[in-house]
Each structure stands twice: as structure tokens, then as C-alpha cells.
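Hi there,

Here is the structure I promised to pass on. Have a look at it first, and my notes on what turned up follow below.

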Amino acid sequence: MSGARRKARKRAVEVLYEAELRDISVPEVIERRRAQPQPPINEFTEQLAAAVDERRDRIDALLGQYAIGWTLERMPVVDRNILRMGAYELLWAESIPDGVAVSEAVAVAKELSTEDSPTFINGLLSRLMENKATLAL
């Protein structure tokens with residue numbers, strides 16, 4: 001996967017994170033980012049953040065159901081948003097192979113989160129992947 005795509009995914013997580021922390025909508029964050037010259041927000045970042053936001057209720061329900069020993073509220077905000085992105089790509093982005101969706105989420109976690117986060121994110125997304133046929137509704 002290209003470095004540009006990973007950077008765009010990382011920025012999408014940043015958009016989701018900012019929206020959650022500031023309690024504003026994802027479209028508002030995207031508009032604010034468009035108004036700033038640096039760093040530029042690209043189309044893939046915008047589309048990914050908007051798509052995750054659109055399915056957020058379903059994604060959050062699945063993450064809550066499949067997270068072992070964790071509630072969604074207890075997860076670090078950054079991990080929660082990486083998981084949302086990974087779950088979206090895994091379950092609804094048909095052009096993204098399952099393994100790529102999981103490995104990209106893990107790679108973003110290595111850059112943005114704690115030492116334990118990549119393992120946690122890999123485990124939870126792998127459980128979703130095992131049950132994918134019944135989840136992508």
C-alpha cells in the first residue's frame with residue numbers, strides 16, 4: 001500500500017478524532033481543514049472520514065459487541081477512531097482487500113497510539129473479519 005494512502009488514512013483518523021474531541025461534526029472538521037493551506041486534505045481522506053461517520057452507529061455497535069473485555073467508552077479515543085476506520089474498510093470498502101484493511105489500521109496505530117494498541121486493534125479487526133459475511137449489513 002502506498003505511503004500516500006497510509007498518510008491519507010492517518011489524516012482521516014485525525015479528522016474523526018478531532019470531531020469526537022471537539023464534539024463537532026465530521027463535515028465541520030473537513031471544512032475547517034479545507035480552509036487551512038497546510039497540511040492539505042485530500043479526497044481520499046475526506047471520503048474515508050465521511051464514510052466512517054455515515055456508518056458510525058453500526059460500526060460502534062459491532063466494535064462494542066466484538067471487543068473482549070473493553071467497552072467502546074473505555075478505549076482510548078485514537079484507538080476507537082482507528083478501529084472505526086479499519087472496520088469501515090474491512091466491511092464496506094469493497095476495493096480494499098480484508099488483509100490490507102487490517103494491516104493499514106495496525107500501521108496507523110503504530111504511528112499514532114500506544115505500544116499495546118496495534119495488537120489490540122489487530123485482534124478486534126480480525127474477529128470482525130472472521131464474521132464478515134454476517135456483519136456488513
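To start with the annotation: an unreviewed UniProt entry places the feature "domain: NusB/RsmB/TIM44" at residues 6–129. Please keep in mind that this is a predicted model. Across residues 6–129 the chain is 76% helix and 0% strand, with 20 Å between the end C-alpha atoms.

Next, the aromatic rings, since the structure holds two aromatic pairs. One of them joins Trp70 and Phe120, with 5.5 Å from centre to centre and 55° between the planes, which makes the pair tilted. Trp70 sits in the loop between helix 4 (56–66) and helix 5 (77–92), while Phe120 belongs to helix 7 (residues 117–130), so this contact ties together parts that are 50 residues apart in sequence. Trp70 is partly exposed, at 32% relative accessibility.

The other pair is Tyr88 with Trp92, and it is stacked because the planes meet at 25°, with the ring centres 6.3 Å apart. These two residues are four apart in helix 5, so about one helical turn separates them. Tyr88 is buried, at 14% relative accessible area, and Trp92 is buried too, at 12% relative accessibility.

Finally, two arginines are worth finding in the viewer. Arg74 lies over the face of Trp70, 4.4 Å from the ring centre, and Trp70 is also the ring that pairs with Phe120. Elsewhere, the charged end of Arg5 sits over the ring of Phe44, at 3.9 Å from its centre.

Happy browsing, and do write back with any questions!

Best wishes

How values were computed:
Residues are numbered from 1 along each chain as its sequence is written. This is a predicted model: local features need pLDDT of at least 70, side-chain atom pairs count only at pLDDT 80 or more; totals for chains, interfaces and linings use all residues. Side-chain values use heavy atoms; hydrogens and water are left out. UniProt positions are given in the numbering used here, feature names are shortened, and annotations may be inferred rather than shown by experiment. Rings of Phe, Tyr and Trp (its six-membered ring) pair if their centres lie within 6.5 Å; planes under 30 degrees apart count as stacked, over 60 as edge-to-face and the rest as tilted. Buried means under 20% relative accessible area, exposed over 50%, partly exposed in between (1.4 Å probe, protein chains only). A charge sits over a ring if NZ of Lys or CZ of Arg is within 6 Å of the ring centre and within 35 degrees of the ring normal.
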